[in-house]
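Colleague: Got a minute? I'd like to walk through this one with you. Can you put it on the screen?

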Amino acid sequence: MKYLTEYRDPVLAAQYLDEIKKTVTKPWTIMEVCGGQTHSLVKYGLLQMLPKEITMVHGPGCPVCVTPTHLIDRAIYLAKQNNVIMCSFGDMLRVPGSEKSLLQAKAEGADVRILYSPLEAVKLAQQNPDKEVVFFAVGFETTAPANALSVIQAHQLGLKNYSIIASHVLVPPAMEALLSDPETVVQAFLAAGHVCTIMGNSEYYPIVEKYKVPIVVTGFEPIDLLHGILMVVRQLEKSEYKMENQYARVVRERGNVPAQEAITEIFEISNRMWRGMDVIPQSGLEVKEKYALFDATKKFNVPLKETKENETCIAGAIMKGLKKPLDCANFGTLCKPSHPLGAPMVSSEGSCATYYHFYSAINEAEKAEV
Amino acid sequence: MEVKEANNRKIKMQLQCPMPQLDFDIITLGHGSGGTLTHNLLNSGVFDILKNDYLDQHHDGAFLQLKNPVAFSTDSFVITPVFFPGGNIGELAVNGTLNDLAMCGAVPRYLSLSFIIEEGLTMQEFWDILVSIKFACEEANVKVVTGDTKVVERGKGDKIFVNTSGIGEVHSKAKIAAANVIAGDKIIVSGHVATHGVAIMSVREGLVFETQLESDTCNLAPSVNNLLDLFGEDIHFLRDPTRGGVATVLNELAKESGFGIDLSQNLIPLSEQVEGACEMLGLDPLYVANEGIYITVVKEQIAEEVIKVLQASEVGKNATMIGTVSKEHPKQVILTSSIGGRRMLNMLTGEQLPRIC
């Protein structure tokens, strides 16, 4: 398939791997920020093809994984109200809240619908004037423009029955939080290509300077990842730190300006709780006061109990790159995709679920042989 | 099947079996009551259209006589939408059970047919479903010998559910079991993977492609039967990868046989449209449901010959060898990715949900 097969080419992959092996002389720990990148690394078997000097740690870039429990509880509470149609992206449905997931609430009779676009939710609101349509607006900067657009559209249409639960998180503040953690092991980043497609590269220059850390904006196909890793390793080996763009076929320096305008029209930056990682300052988006009518967290009064997290889950340490999924005693035993104890076991982009699906003892054995 | 050919077939079916004049145009609760309305419905053409010596006896069940050992299978069909590109729930219900019998190495002979209808289904829709059942049965040379019709209140069903059970005579040369599989056996898939599931999903999600993607639902029994005629006991295993897809079937085989399975991503046959749709929807084609293909595991020495035979037929024209049974990594399926990396291919957990980005 055009624009994909070229980036999954085995000959090219072997050349990149060879070049990485020639370049690397010391051990390096690199974090791929986005869950989509983790997914590709494991799905294509790249982790055990890399030289043993390179350790990839998996970042917090799975949006459903970091969605705080209290918002899931809120979505479930609203979904169970008779006059509510709760809409969500598919992989949000299985994420456990304090007591259950949206999928369980659906099985118990709640009207929960999987949509591909928030604009479909606006259409639903038009078609169901006697119902309240709530969209669970989850994601990084990537999904924020479409979610913002849904509010703009609902506003233009004069809809009174459409609102969103905004659970938007921002990548650069999370990277800063990780770097300022004294325990951090991360020496370089593969930044998330999709996020930069929207936001451009400008936010990374100050981080590169302040923390003296190489950042390479990287795509999601195996060749993208190998190329990104090679670029990072070259910088590390030369003790350089620069912002570079591997994903230039998609990412422009300024990003997608109309998309950014849609975001700033609807959302403002706020402090945000990341599941497993605590509150990160200025790391989230919430609906501006001007559009409060479209903010489900303000529109509906939701009585919430205190949220509960599984105490043995080490999701936080995994998302900070301090631990790997296989380090967890519950991995694959008490915690499985069919019965997740924490969010990274839920979404296909969560690192625990990715390991569960694709990683096995053979991978460990092969890694040892490299 | 070509879109044009499918349309022509549909028109031909409608011309050959026009719906009779009836004094009702939608099905109501009363049609499932067992009383006059039920008789009206059944005598309106249901019995006529599926007419055969067994049904004509109007008994509570059918008396059957078979010479050979028997395979017996059942399946329920709840597909949404009921009418989809490339077919409808009727022929799917016939083909589904025929294929289950075929995977047992049996030649399908008789079917039971049960409907659970949600009131409000139009008689025209029901008729169209019946007509496609009739043609699917005729093409497969099987008879519907018993059946049932129930009607449930609106909101208690999803238009129509269909159950079929089937009986087939086991092919004299068939010896199909996971236990017969040995290391070195070759794994062959008879056609493009994920076509049916993606065709259905693209209708549900309103995806439009340059050319319409159609379900490949069909009766696989003649193809299987031909292989058994030619290769007999060297065909070690057969399974149609319906729900859970190819990945699930191969995991079941690995666990049941105790052997490992090596697969190669680059060899999995996929149509370009399906590949593109899976990329867009965030789905792994190896977990998507199929209706018109089967997997067979055969003795190493005959693998190439089997592929030649399959490729000479319409059903098997895209047949490909996708992997090998191995002594290594017992009970695990290991996939070599397109760039040469290796990873485990697990069973599907729950429903495949579309990814966020």
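Modeller: Here it is. Bear in mind that this is a predicted model. Chain B has a mean pLDDT of 91. In chain B, 94% of the residues reach 70 or more.

Colleague: What should I do where pLDDT is low?

Modeller: Don't read the predicted coordinates in detail where pLDDT is low.

Colleague: And what ipTM and pTM does the predictor give the complex?

Modeller: The ipTM is 0.80. The pTM is 0.86.

Colleague: Now the contact between the chains. How many residues does each chain put in?

Modeller: Chain B gives 24 residues, and chain A gives 39 residues.

Colleague: Which elements of chain B supply at least two residues each?

Modeller: Helix H9, 272-281, and strand S13, 342-344, in chain B. The largest share on the chain B side comes from H9(B), with four residues.

Colleague: What classes of residue are on that side of chain B?

Modeller: Ten are polar, seven are nonpolar and seven are charged.

Colleague: Switching to chain A. What does the domain assignment give?

Modeller: Domain 1 of chain A is 5-64 + 171-245. Domain 2 of chain A is 315-362. Taken over C-alpha atoms, their centres are 20 Å apart.

Colleague: How many residues of each domain are in contact?

Modeller: In chain A, 18 residues of domain 1 are in contact with 16 residues of domain 2. On the domain 1 side, helix H2 (35-43) and strand S2 (54-61) of chain A each supply at least two residues.

Colleague: Where does the largest share of that domain 1 side come from?

Modeller: From H2(A), with six residues. By class, the domain 1 side that touches domain 2 in chain A has nine nonpolar, six polar and three charged residues.

Colleague: New topic: helices H6 and H7 of chain A. How do their axes cross?

Modeller: H6 (residues 118-127) and H7 (residues 144-157) of chain A have axes that come within 8 Å and cross at roughly 25 degrees.

Colleague: So are they roughly parallel or roughly antiparallel?

Modeller: H6(A) is roughly parallel to H7(A), because angles under 35 degrees count that way. The crossing of H6(A) past H7(A) is right-handed.

Colleague: Which residues meet there?

Modeller: From H6(A), they include Leu119(A), Val122(A) and Ala125(A). From H7(A), they include Leu149(A), Gln153(A) and Leu157(A).

Colleague: How many in the contact of H6(A) with H7(A) are nonpolar, polar or charged?

Modeller: Nine are nonpolar, four are polar and none are charged.

Notes. Residues numbered from 1 in each chain as written. Chains lettered and ligands numbered in written order. Predicted model: local features only at pLDDT ≥ 70, side-chain atom pairs only at ≥ 80, totals over all residues. pLDDT = per-residue confidence, 0-100. Contact = placed C-beta atoms within 7 Å. Nonpolar A, V, L, I, M, F, W, Y, C, P; charged D, E, K, R; others polar. Domains from an automatic or database assignment. Axes fitted to C-alpha atoms, helices over the stretch in contact; angles between N-to-C directions. Parallel < 35°, antiparallel > 145°, perpendicular 65-115°, else oblique. Left-handed = near helix turned anticlockwise from the far one by under 90°.
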